[in-house]
Amino acid sequence: MISRVFRLRMWAPVGVLTSLTYCLHQRRVALAEPGGADDQNPVDRSLLELKMVQVVFRHGARSPLKPLPQEDQVEWKPQLLEVPPQTQLDYIVTNLAGGPKPHSPFDSQYRETTLKGGMFAGQLTKVGMEQMFALGERLRKNYVEDIPFLSPNFNPLEVFIRSTNIYRNLESTRCLLAGLFQRQKEGPIVIHTDEASSEVLYPNYQYCWNLRKRTRGRRQAASLQPGISEDLKKVKEGMGIASSDEVDFLVLLDNMAAEQVHNLPSCPTLKRFAWMIEQRAVDTAMYILQWEDREGLQMAVGPFLHILESNLLKAVDPATPPSKTRKLYLYAAHDVTLMPLLITLGIFDHKWPPFAVDLTVELYQHRESKEWFVQLYYRGKEQVPKGCSDRLCPLDQFLNTISVYTLNPEKYHMLCSEAQMMGLGNGE
């Protein structure tokens, strides 16, 4: 299934990154002012032209994925699902090739868990819809009002949209688009999604055999680590949760964050230990992911980084037909996507990515020197990626940074496969 879907996609040719990076570096050196380093000759930003924007965002606020085993549980009532009128917008969902929407096994699984009050697990709420609409309005201010980059109305020739095939993400994308284009469009809004078996907008533990093997048992082991174990015992005892109940800091944070953002009456223990719960959840996630493990990070987000990289390469290649690139790329992802992405970029702040958070990559070209630059934002704030000396990062430096982790489909499939792990007895 994975190899079949991979064959349907278009990817940058092997070797393009190396040669383009070298050419970009040579051009930048040749055009630099005599005797000056980059930090001594700051770029005149008035001469920069925005060429492309890529936005990776987490869905809006939702109900918890798993309830806590307590007698006095928070009520998740259907009234929380009311759709704000300003977020209404029609859209179509297709697979990556433009065919019928794939089946979503996750939505079926979420509907198997009914929370107290009647809502299902993982449902996008009115609060979440409003958060995504606000994010869309911010993007409109940035790229329609402040800079006349995008058309005021949605234009399918300017915008490409992809989401994981999970209903809360599709609906979050709808709300974002409603805020960005104020419900005005010049063509059908198509959201592309993929089969669960080949999805790369999140770490695909289920279908990447090697990644699953590496992380198997780590979540349980994380709860036994010094510091984490003692703190978990303290919180569970304070909440009256039995030590035998399978509740870790990831479950605690998920419930706590959902309750807080909806102003629901939360357990006093959760409130008292809120900061510690978030930090220990991050510690747990980092232990599972093993952030110093390059191959683990490659399998977690390498294919997604390759997509972002390919978009950049196509945009700077003068041979790319206009129909093969867009001004704006939107990717609806998850917290488990953003965390490894931030780690690979060297900008992780050791805080859990909140609902409706965005990571934005802007591509600029200098009007005179024709140099290319990347500007990175997280949560709306400028960031300095690893390997870059300034917030405005030369494209070749940025590509060098992410090339450590990018994986094209063939390498990803090989690294994920059981055959690769076994080495087929050849010492591979």
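These legends go with a set of close-up views of a predicted model.

**View 1. The largest pocket and what lines it.** This view is about the biggest opening in the predicted model, a pocket with a volume of about 1,500 Å³. Its lining takes in 46 residues, and those lying nearest the centre are Leu65, Arg219, Asp335, Val336 and Trp352. If you sort the lining by class, you get 26 nonpolar residues, eight polar and 12 charged. Five helices each put at least two residues into the lining: H3 (105-110), H6 (209-215), H9 (249-261), H11 and H13 (335-345). Which helix gives the largest share of the lining? That would be H9, with nine residues.

**View 2. Helix H11, one of the pocket helices.** H11 covers residues 274-289, which makes 16 residues. From first C-alpha to last, H11 reaches 23 Å, close to the 22 Å expected at 1.5 Å a residue. With 12 of its 16 residues buried, H11 is largely enclosed by the rest of the structure. The buried set starts at Ala274 and includes Met276, Ile277, Ala281, Val282, Met286, Ile288 and Leu289. Arg280 is buried as well, and so are Gln279 and Thr284. Just after the helix comes Gln290, where phi turns positive, near 55°. H11 also supplies at least two residues of the lining of the largest pocket.

**View 3. Helix H5 and the residue after it.** H5 runs over residues 167-181. Its 15 residues should span 21 Å at 1.5 Å a residue, and the end C-alpha atoms are indeed 21 Å apart. Is H5 enclosed or exposed? Enclosed, largely: 14 of the 15 residues are buried, so the rest of the structure wraps H5 up. Cys175 is buried too, at a relative accessible area of 0%. Following H5 is Gln182, another residue with positive phi, this one near 50°.

**View 4. Strand E1 between two partners.** E1 takes up residues 48-58 and is mostly covered, with nine of its 11 residues buried. One of its partners is E6 (residues 358-366), which pairs with E1 in the antiparallel sense over nine bridges. To find your way along that pairing, look for Phe57, whose bridge partner in E6 is Asp358. Another partner is E5 (residues 328-333), and here the pairing with E1 is parallel, over six bridges. Val55 is a handy landmark for this pairing, as it stands opposite Leu330 in E5.

**View 5. Strand E3 alongside E5.** E3 spans residues 159-163, and four of its five residues are buried, so the strand is largely enclosed by the rest of the structure. E3 and E5 run parallel, joined by five bridges. Arg162 sits opposite Tyr331 of E5. E5 pairs with E1 as well, again in the parallel sense.

**View 6. The Cys208-Cys416 disulfide.** The predicted model has two disulfides, and this view takes up the bond between Cys208 and Cys416, with sulfur atoms 2.0 Å apart. What does this bond tie together? Cys208 lies in the loop between strand E4 (190-193) and H6, while Cys416 is in helix H15 (residues 409-416), so the pair links parts that are 208 residues apart in sequence. The torsion about the S-S bond is about -90°, which makes the disulfide left-handed. Both Cys208 and Cys416 are buried.

**View 7. The Cys388-Cys393 disulfide, and a cysteine elsewhere.** Cys388 and Cys393 form a disulfide, with a sulfur-to-sulfur distance of 2.0 Å. Its S-S torsion is about -60°, so this disulfide is left-handed. Cys388 and Cys393 are both buried. Counting bonded cysteines along the chain, the disulfides follow the pattern 1-4, 2-3. Cys267 is buried as well, with a relative accessible area of 15%, which falls under the 20% cut-off.

**View 8. Leu211 and Met299.** Leu211 belongs to helix H6. Is Leu211 buried or exposed? Buried, with a relative accessible area of 2%. Leu211 and Met299 are 88 residues apart in sequence, yet their C-alpha atoms are 6.4 Å apart in space. H6 also turns up in the pocket view, where the helix supplies at least two residues of the lining.

Note on methods: Residues are numbered from 1 along each chain as its sequence is written. This is a predicted model: local features need pLDDT of at least 70, side-chain atom pairs count only at pLDDT 80 or more; totals for chains, interfaces and linings use all residues. Side-chain values use heavy atoms; hydrogens and water are left out. The expected span of a helix is 1.5 Å times one less than its number of residues. Buried means under 20% relative accessible area, exposed over 50%, partly exposed in between (1.4 Å probe, protein chains only). On a 1 Å grid over the protein atoms alone, a cavity is a set of points where a 1.4 Å probe fits but cannot get out, and a pocket is an open set with protein on both sides within 12 Å along at least five of seven lines; lining residues have an atom within 4 Å of a point. Grid points are joined across faces, edges and corners, and a volume is the space filled by probe spheres set on the points. Ala, Val, Leu, Ile, Met, Phe, Trp, Tyr, Cys and Pro count as nonpolar, Asp, Glu, Lys and Arg as charged, and the others, Gly among them, as polar. Two strands pair if DSSP finds at least two bridges between them. A disulfide is a pair of cysteine sulfur atoms within 2.5 Å.
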